[in-house]
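The following exercises practise the reading of a structural model. Attempt each task before consulting its solution.

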Amino acid sequence: MSKFKKSQSLGIAKETRQYDLPLNKGAGGYFLRILIALMTFLAILALAASFTLSAMTERWTSGLEDKASIEIPAEDDSGVITSPEKLEGLAKDIHKFLINHPAIESAEIMSQQEIAKLVAPWMGEDIEFDNIPLPSIISVSFRKNVTFDKDALARRLKDIAPQARLDTHESWLRDVLRFTGALNFSALLVTLVIGITTIVAVGGAVQSRMAIYREELELLHLMGASDNYISKQLQRYIFIISIQGAGIGVAVGGVTLIIIGFLAGRMDISLIPDFSLNPGQILALLLLAPLIAFLGMFTARYTVLRALALMP
Amino acid sequence: MIKFEHVGLRYGVGPEVLSDVNFSLDPGSFHFLSGPSGAGKTSLMSLLYLGRYPTRGIMSMFGQNIGQMSRQELKNIRQRIGVVFQDFRLLNHMSAFDNIALPLRIAGQPEHEIKANVDELMEWVGLGDHRHMLPNTMSGGQQQRVAIARAVITRPRLLLADEPTGNLDDEIGYRLMNLFDQLNRMGTTVIIASHNTMLMEKFSHHSRLILDRGRVELITPKKTIKQKLEGIF
């Protein structure tokens, strides 16, 4: 490529020749850059949401697979309140049975204070628990990789204490996983839609450029330029626009995530994990810019080659 | 070199603009293509520079039937053809230098060779001081010289020129015709579409393709050409 010194003289080539087609003319590139920046920004937010949901699911489910709790309600099925002493006795009987069970690693009867702490979010911190019949709860850890019949265990517990209930968290976990899975799927769907929109936008931009510069394209073709030679020019043009747009999108998205992380940290909601991304996730978000640029470039190549194939 | 056998061309579903065209041109020959307006000169030229395919008949170039060529082969053939378009078709966002260098870049020639070749040719066509000028700021004659330089820079095997001296003064026009002549002597087949009877007379040792009502007649003897043209114009 020949390089010319910059000159202000009218009619003199001012810049280094970049393309054989006048691709840098007009505002089309500017709008495409903004569109790609916005798409990337949205993709960053969607992906970050997906990562956070995964972390949340991980936090909620971690360790629960091998745990269960056994509740002995203070009130039996007929509505009779069991005395705290009797309840304690039943809990001890169950505990004794559990610690001798081959599938159970440990079992621990929760103290009344611990139970009071557990129900505090629903009942309030200041309430007096002395007159409220609290259930007995036994926390159980199963041995890993040991299979056993949970229904049989539940039946055996009922033999000891008819109102005892075995809660293996399975149904609760299933609901949580279904819910977060749906949210995660939505986030990924949004990312996919953004990807498709980018492809359509780039394809449209390339087609409109080709329509505008049809004569110039035809000239290159008649001079014996290969389809590859012509498409490389548009590929390079789209790649530069895409990487610039996506770079802006990633930068703005990154700043937005930092602000969200800062605000979420100040909220101190124990149910939601800290809004922080691990290095792998940060790398994935950063790689979004080159990914979008390559996506744009290959879309441009496909569009150009398809259009050139129609030329004689 | 070039062989047309019963070639016809029509645009869409319209009437044939070229019908049953038959002629054969030898390698290294020089021809003027003439005929009245609307006779189909531009259409014939577009077939020759492979801007269109015939709608019927067989068209062979460089010994190959173009209807049976692959896309790659057609690209190679196009690189062996230099074209001077009537409307020049220069790229206005590029300097005169880059316009002339374009076919060499497409052919993949190294940049240092391109610079030497283009500089030399620009000097020769009198544009040595206009290397960095943009075409749309040049005069018609200057643009025409850029277009001619671009067509001949690769020393094509076939040179097609549509009214190449139309905007030039006699001296430059004569000089460029000599350039075409020189290229022809080096083996390039030259076809020049022209209305300029004076120019054709000056170079009357070349044969003529006379196009009339979509048909082509190849005429070589000087006297017959004169008689034929008198009959048409």
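**Exercise 1.** Determine what share of the residues in chain A is buried, and describe the order of the elements of chain A.

*Solution.* Step 1: a residue is buried if 20 or more other C-beta atoms lie within 10 Å of its own, exposed if 12 or fewer, and partly exposed in between, the C-beta atoms being placed from the backbone. By this criterion, 26% of the 312 residues in chain A are buried. The model is predicted: local features need pLDDT of at least 70 and side-chain atom pairs count only at pLDDT 80 or more, whereas totals for chains, interfaces and linings use all residues. Residues are numbered from 1 along each chain as its sequence is written, and chains are lettered from A and ligands numbered from 1 in the order in which they are written.

Step 2: helices (H or I, at least four residues) and strands (E, at least two) are DSSP runs, numbered from the N terminus. Chain A holds 9 helices and 4 strands. Read from the N terminus, their order is α-β-α-β-α-β-α-β-α-α-α-α-α.

**Exercise 2.** Establish the strand order of the open sheet in chain A and identify the edge strands.

*Solution.* Step 1: two strands pair if DSSP finds at least two bridges between them. In chain A, 4 strands form an open sheet with antiparallel pairing, in the order E2-E3-E1-E4.

Step 2: strand E2 (104-109) and strand E4 (165-167) of chain A each have a single partner strand, so one side of each lacks a neighbour in the sheet. From one strand to the next, the twist averages 20°; angles run from 0 to 180 degrees between N-to-C directions, and axes are lines fitted to C-alpha atoms, for helices over the stretch in contact.

Step 3: strand E1 (residues 67-72) and strand E3 (residues 136-142) of chain A are joined by 6 bridges in the antiparallel sense. Within E3(A), Val140(A) is the residue opposite Ala68(A). Helix H2 (residues 84-99) of chain A lies across E1, E2 and E3 of chain A, at about 10° to E3(A).

**Exercise 3.** Describe the open sheet of chain B and the helix that packs on it.

*Solution.* Step 1: the order of the 4 strands is E2-E1-E4-E5 (chain B), with antiparallel pairing. Strand E2 (16-25) and strand E5 (64-65) of chain B are the edge strands, each pairing on one side only.

Step 2: strand E1 (residues 2-10) of chain B is linked to E2(B) by 6 bridges. Ile2(B) has Leu25(B) as its bridge partner in E2(B). Helix H1 (residues 41-48) of chain B packs on this sheet, touching E1, E2 and strand E4 (56-61) of chain B, and its direction makes about 55° with that of E2(B).

**Exercise 4.** Explain why helix H5 of chain B is described as largely enclosed.

*Solution.* Step 1: 11 of the 13 residues of H5(B) are buried, so the rest of the structure largely encloses this helix. Among them are Val146(B), Ile148(B) and Arg150(B).

Step 2: the cover over these buried residues includes strand E6 (81-84), H3, helix H4 (111-124), strand E7 (158-162) and helix H6 (170-185) of chain B.

**Exercise 5.** State how many residues each chain gives to the contact between chains A and B.

*Solution.* Step 1: two residues are in contact if their C-beta atoms, placed from the backbone, lie within 7 Å. Chain B contributes 23 residues and chain A contributes 21 residues.

Step 2: on the side of chain B that touches chain A, H3(B) gives the most, with 5 residues.
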